[in-house]
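Reader: I'm new to reading protein models, and I'd like to look for empty spaces and charged pairs. Can you walk me through this one?

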Amino acid sequence: MAEADLGGNRESAQTVDGHGDTVLDAGDIVGGNDSPGTETISAAELAEIGLRFEVDGEIATIILDRPGKRNAQTSATWSALARIGENLPGEVRVVVVRGEGPSFSAGLDLGMFTSGGTPGQHSLATVATLDDDAFQRQVAEYQRGFLWLRRPDIVSIAAVQGHAIGAGFQLALSCDLRIVADDVKFCMKEPALGLVPDLTGTKPLVELVGVPRAIEICLTARTVGAAEALQLGLAEMAVPRDELAQAVQDLATALLATDRAAATATKRLLQGAPARTLEEQSAAERTEQAARIRALFASS
């Protein structure tokens, strides 16, 4: 897969690889959001932040690429993730999030805990000086980098190996599905650091494991390994480390075999189900099905 710059120009040049798949060339400008004012981001900017973005047909891959720091995250990471989501090419149906090296992500970069922070990025000390409204806006901006992974028109897959701590755990929880290597180590470290998980991870954690177990996992800041992750529903599949990439590819291929409009409607139904009564969910099913049947038979 080739790296791609993100932007709003949908007329970028493309090449066809040896398998007949369309692949974006490095340096191309791609984007799925045509709204004015969308901020673009280049492959060079992503590299400086410690991210890579690749598109291969209907599959996009986001790679956390700071292996020397176990893919620790900064405020720039979250802003870049949000910009990737805003500019996701329209043809993308599956988004894979993975980490380079032995860890998925070790959580917050320790530089964020220092008064100076990481050069050019926010530190927690700086954020602490904001008034309430500004603080809310700032954290909401960080959360945007995680929220878009739940969009009904895509399916997001976290390919998780090694450490997935704090922000790394929450990034994995932001994805619809998680395939883990047998060496995975999930840990919600924030309470042990005097913080709370605030990157949208608490809701999916509770939905997956229940309130009591979520309390225990978060307040002890203990490690959850692959076998327990499967048992608790934190992972859909656990595989040997050297089989992780193939397992993710196989899942992506299976997901792409489903009609896109039907997949989007079904995901939308499933996402809304927990908040609806049975009667409300039944009505939602009727509404979605009416749209599908009309779309399928309108021309007949």
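Author: Sure! Keep in mind that this is a predicted model. Let's begin with the enclosed spaces: the count comes to one cavity of 30 Å³ or more.

Reader: How much space lies in the largest cavity?

Author: Its lining includes Ile49, Asp65 and Thr77. By class, that lining has four nonpolar, four polar and two charged residues. The space in the largest cavity comes to about 40 Å³.

Reader: And which helix gives the most to the lining of the largest pocket?

Author: The largest pocket holds about 850 Å³ of space. Of the 30 residues lining the pocket, the closest to its centre are Cys175, Asp176, Lys267, Leu270 and Gln271. Several elements supply at least two lining residues each, among them α5, α6 and α9. With seven residues, the one that gives the most is α10.

Reader: Of the nonpolar, polar and charged residues in that lining, how many are charged?

Author: Let's split the lining of the largest pocket by class. There are 14 nonpolar residues and six polar ones. The charged residues number 10.

Reader: Is Leu110 buried or exposed?

Author: Leu110 sits in the loop between β8 and α3. Together with Phe113, Leu193 and Leu195, Leu110 forms a nonpolar patch on the surface, with about 380 Å² of accessible area for the group. Exposed means over 50% relative accessible area. Leu110 has 67%, so Leu110 counts as exposed.

Reader: On to the charged pairs! How far apart are the closest N and O atoms of Arg52 and Asp65?

Author: This pair links distant parts of the chain, with Arg52 in strand β6 and Asp65 in the loop between β7 and α2. Arg52 is buried at 16% relative accessible area, while Asp65 is partly exposed at 25%. They form a salt bridge, and their closest N and O atoms are 3.0 Å apart.

Reader: What separates Arg144 and Glu141 along their helix?

Author: These two form a salt bridge, with the closest N and O atoms 2.4 Å apart. Both sit in helix α4, three residues apart, so the separation is about one helical turn.

Reader: How many residues apart in sequence are the parts that Asp183 and Arg241 tie together?

Author: Asp183 and Arg241 form a salt bridge, with their closest N and O atoms 2.9 Å apart. Asp183 lies in the loop between β11 and β12, and Arg241 in the loop between β13 and α9, so the pair ties together parts whose separation in sequence is 58 residues.

Notes. Residues are numbered from 1 along each chain as its sequence is written. This is a predicted model: local features need pLDDT of at least 70, side-chain atom pairs count only at pLDDT 80 or more; totals for chains, interfaces and linings use all residues. Side-chain values use heavy atoms; hydrogens and water are left out. On a 1 Å grid over the protein atoms alone, a cavity is a set of points where a 1.4 Å probe fits but cannot get out, and a pocket is an open set with protein on both sides within 12 Å along at least five of seven lines; lining residues have an atom within 4 Å of a point. Grid points are joined across faces, edges and corners, and a volume is the space filled by probe spheres set on the points. Helices (H or I, at least four residues) and strands (E, at least two) are DSSP runs, numbered from the N terminus. Ala, Val, Leu, Ile, Met, Phe, Trp, Tyr, Cys and Pro count as nonpolar, Asp, Glu, Lys and Arg as charged, and the others, Gly among them, as polar. Patches are made of residues with over 30% relative accessible area and no salt bridge: like charges are joined within 9 Å, nonpolar side chains (Val, Leu, Ile, Met, Phe, Trp, Tyr) within 5 Å. Accessible areas come from the Shrake-Rupley method with a 1.4 Å probe; for residues, only the protein chains shown count as cover. A salt bridge is a side-chain nitrogen of Lys or Arg within 4 Å of a carboxyl oxygen of Asp or Glu. Buried means under 20% relative accessible area, exposed over 50%, partly exposed in between (1.4 Å probe, protein chains only).
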